[in-house]
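I opened the notebook to look up a metal site and some ring pairs. My entries follow the structure below.

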Amino acid sequence: MNPRAFTNEAYIPTPIEHVANVATHGIWVVPSVIGGIELIRRSTTWAQLVSACVYGTSLILVFVVSTFFHSVHYCNHNRQLKDALHRCDRAMIYIFIAASYFPWLNIEHFSDNELLFSMRYVVWIMAIIGILYQQIFHEKYKMLETIFYIIMGIGPSVAILNVYNYYNITELKMGGLIYVFGLVFFKSDGIIPCAHAIWHLFVAAAAGFHYYAILSHVFPETDLPNIPGASSNMPPLNMLKSHIEL
Ligand SMILES: [Zn+2]
């Protein structure tokens, strides 16, 4: 472990920490691709298909971008490339938080609830503000950035829970708690050896809980068409799928 970074500077990992950082997210790239494909396979409505694509893509990207950034950080000494990828890595956190909400907010029969309907857009607006803030003040006011993650990660979920007890799902709460506990390690570079790699494992575990919750509640395995959110004007997706298969 190397000494802690000064304020407004990035911590420099040891070679072992670099390898741990790459490995702890690299191993989840293939499972997240398989997970994303499974969501698409289970989609029977257009809303589900859109959710599967948005959430699945960001699930894959969060691990791909992180693995790529940490590999370049270790092997390549091009400062500009490293800096650009670091910005992408941090931006992906905001996108991934918004995308994790998306399947829950995109269920069609919740369109009649104004709060949930507006939350659909609020989470993405928060992600855009977060990314802009992070691009402008990169590696400055880092504590504020962490507070921003917490506000975005917890705020909308409290609002959603207030509206529907439907979302009182244990896996969702577990995922959220794991993210929050993981932040201790996110902030412990130079205090705990391999702290960033441990943070990565917390991210993977929390994402796993959220994925499972989304898979079983928003994409239930069923032979019945159009569940959940059956009020689409579009032709049922499974009709289209059977046309393609013919
Ligand atoms: Zn990382």
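Entry 1, the metal site. I took as donors the N, O and S atoms within 2.8 Å of the metal. I also noted that the model is predicted.

Which protein atoms are the donors of the zinc ion? I found NE2 of His70, NE2 of His196 and NE2 of His200, lying 2.0 to 2.1 Å from the zinc ion. Along the chain, I read the spacing of these donors as H-x125-H-x3-H. His70 lies in helix α3 (residues 46-75) and His196 in helix α8, so this pair ties together parts that are 126 residues apart in sequence. I looked up burial for the two, and both His70 and His196 are buried.

Entry 2, His200. I located His200 in helix α8, which covers residues 195-217. Is His200 buried or exposed? The relative accessible area of His200 is 2%, and buried means under 20%, so I entered His200 as buried.

I then looked for partners of His200. Its side chain makes a polar contact with the side chain of His70, at 3.2 Å. Setting aside neighbours within four places in sequence, I listed Asn21, Thr24, His25, Ser66 and His70 as residues in contact with His200. His70 is thus in my notes both as a contact of His200 and as a donor of the zinc ion.

Entry 3, aromatic pairs. I described a pair of aromatic rings by the distance of the centres and the angle of the planes. How many aromatic pairs does a search of the whole structure find? The search finds nine.

I looked up the rings of Tyr55 and Phe96. Their centres are 6.4 Å apart and their planes are at 15°, so I entered the pair as stacked. Tyr55 is in helix α3 and Phe96 in helix α4 (residues 79-105), and the pair links parts of the chain 41 residues apart. Both Tyr55 and Phe96 are buried.

Next I looked up Tyr94 and Phe148. The ring centres are 6.1 Å apart and the planes are at 80°, so this pair is edge-to-face. Tyr94 is in helix α4 and Phe148 in helix α6 (residues 142-163), 54 residues apart. Tyr94 has 0% relative accessibility and counts as buried, whereas Phe148, at 24%, counts as partly exposed.

Entry 4, the cluster. Which residues do ring pairs link into a cluster with Tyr94 and Phe148? I wrote down Tyr133, Phe137, Tyr149, Phe186 and Trp199.

Conventions
Residues are numbered from 1 along each chain as its sequence is written. This is a predicted model: local features need pLDDT of at least 70, side-chain atom pairs count only at pLDDT 80 or more; totals for chains, interfaces and linings use all residues. Side-chain values use heavy atoms; hydrogens and water are left out. Helices (H or I, at least four residues) and strands (E, at least two) are DSSP runs, numbered from the N terminus. Buried means under 20% relative accessible area, exposed over 50%, partly exposed in between (1.4 Å probe, protein chains only). A polar contact is a pair of N or O atoms within 3.5 Å; within protein, one must be able to donate a hydrogen and the other to accept it, and residues adjacent in sequence count only if both atoms are side-chain atoms. Contact means heavy atoms within 4.5 Å. Donors are N, O and S atoms within 2.8 Å of the metal (3.2 Å for Na, K and Ca); water is not among the atoms, so sites may look incomplete. Rings of Phe, Tyr and Trp (its six-membered ring) pair if their centres lie within 6.5 Å; planes under 30 degrees apart count as stacked, over 60 as edge-to-face and the rest as tilted.
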